[in-house]
Amino acid sequence: MDRFVFSFLCMVSITFALHIPSYIKPCKKNDPNLNDCALKQTKLAFPFVSKGDKQFKARPLNPFFLPFLEVDAGANLELKLINLTVNGLDNIEFKTVNYDIENNKSRFIMSSTLNFVGKYEINGQILVLPIRGDGNCNITFSDGDFIYDTYWTFVEKNSQQFAKINNTKLDMKLKRAHFNFENLFNGDKLLGDNMNKVLNDNWEDVMKEIGPGITHTLDVVATSILKAYFENIPYEEMFV
Ligand SMILES: *[C@@H]1O[C@H](CO)[C@@H](O)[C@H](O)[C@H]1NC(C)=O
Ligand SMILES: *[C@@H]1O[C@H](CO)[C@@H](O)[C@H](O)[C@H]1NC(C)=O
Ligand SMILES: *[C@@H]1O[C@H](CO)[C@@H](O)[C@H](O)[C@H]1NC(C)=O
Ligand SMILES: *[C@@H]1O[C@H](CO)[C@@H](O)[C@H](O)[C@H]1NC(C)=O
């Protein structure tokens with residue numbers, strides 16, 4: 001799954017150095033209020049980033065298309081999400097941005113409601129109940145808080161320093177998740193409606209099973225966007 005999503009997201013790598021685009025204003029790395037500057041500038045730049053920028057091979061975020069997502073939900077459950085449209089990435093609100101320049105790491109805290117619409121295939125057990133089906137699905141993560149950590153090292157290209165992200169982590173805390181899987185159990189409406197009700201009534205337990213796989217994909221998406229800029233703009237142009 002990783003490799004597939006990743007190769008889809010990073011279709012072409014950029015081999016020549018780019019410069020900071022006009023919609024990103026650098027912060028001073030010695031500024032005692034660096035993180036206030038970074039939060040302000042991130043908020044100002046994000047509407048441009050979310051529209052996509054061909055120069056950076058950054059795709060528009062709304063809607064964001066994922067061809068395939070195999071949710072790793074353990075041995076008892078197979079869940080594939082196919083031709084998925086992700087809505088809401090452009091509405092992300094940045095709450096805090098924290099750059100730890102000394103230690104080459106950052107933490108972004110964001111919030112958003114995300115909605116996933118597409119096809120699904122499911123087979124196995126969820127909440128110890130048998131589940132099976134394929135069809136349209138509609139999943140919503142309401143009022144999510146996303147804590148996104150990034151770690152980087154440096155590489156030199158043409159005697160300039162570029163950041164190279166070597167590790168990331170995404171944690172997600174939701175206020176509510178909502179699921180609708182159409183056509184469960186070969187279209188048996190009574191069984192399907194019951195199952196959707198059980199999933200929604202027990203959304204927190206469902207998220208324990210399928211959440212990590214989805215969070216991981218969101219991490220890959222976030223990292224692909226960040227890398228597009230962070231690894232292609234000389235470090236000294238971003239932190240002056
Ligand atoms: C996903 O989209 C592709 C391209 O439009 C299509 O060929 C394929 O049948 C779709 N898959 C499903 C499961 O709908
Ligand atoms: C951060 O990067 C700098 C420059 O490469 C390096 O000297 C320093 O040791 C790194 N800090 C940590 C904590 O890894
Ligand atoms: C998905 O479900 C939400 C309610 O949870 C609804 O508002 C929305 O219109 C649905 N979207 C589609 C494409 O069915
Ligand atoms: C990469 O990131 C981790 C954080 O998980 C950090 O501890 C480590 O030192 C980094 N690796 C390198 C090669 O710098």
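**Strand pairing around β5 and the surroundings of ligands 1 and 4**

Strands β5 and β6 pair in the antiparallel sense over 13 bridges, where strands (E, at least two residues) are DSSP runs numbered from the N terminus and pairing requires that DSSP find at least two bridges between two strands. The structure is a predicted model, in which local features need pLDDT of at least 70 and side-chain atom pairs count only at pLDDT 80 or more, whereas totals for chains, interfaces and linings use all residues. Residues are numbered from 1 along each chain as its sequence is written, chains are lettered from A and ligands numbered from 1 in the order in which they are written, and side-chain values use heavy atoms, with hydrogens and water left out.

Within the pairing of β5 with β6, Lys157 stands opposite Gln160 of β6. The two strands form a hairpin with two residues between them, and Asn158 in the turn has a positive phi of about 50 degrees. Strand β4 (residues 105-126) is also antiparallel to β5, to which it is joined by 21 bridges. Here Ile122 has Gly133 of β5 as its bridge partner. A hairpin is likewise formed by β4 and β5, with two residues between them; in its turn, Leu127 has a positive phi of about 50 degrees. Strand β7 (residues 176-181) pairs with β5 through six bridges, again in the antiparallel sense, and Phe179 of β7 stands opposite Ile139.

Strands β5 (129-157) and β6 (160-173) are also the elements that give two or more residues to the shell around ligand 4. This ligand is surrounded by Tyr151, Thr153, Asn166 and Asn167, a residue being near a molecule if one of its heavy atoms lies within 4 Å of it. By class, the shell comprises one nonpolar, three polar and no charged residues; Tyr is among the residues counted as nonpolar, and Asp, Glu, Lys and Arg count as charged. Polar contacts are pairs of N or O atoms within 3.5 Å. An N or O atom in the side chain of Asn166 is 2.5 Å from a nitrogen atom of ligand 4, and a polar side-chain atom of Asn167 lies 2.8 Å from an oxygen atom of ligand 4. The protein covers 38% of the 360 Å² of accessible area that ligand 4 has on its own, areas being obtained by the Shrake-Rupley method with a 1.4 Å probe.

Around ligand 1, the residues are Ile82, Asn83 and Lys119. Asn83 places a polar side-chain atom 2.2 Å from an oxygen atom of ligand 1. Of the 360 Å² of accessible area that ligand 1 has on its own, the protein covers 32%.

Key
Polar contact = N/O pair within 3.5 Å; in protein donor to acceptor, adjacent residues only side chain to side chain. Helix = DSSP H or I, 4+ residues; strand = E, 2+ residues; numbered from the N terminus.
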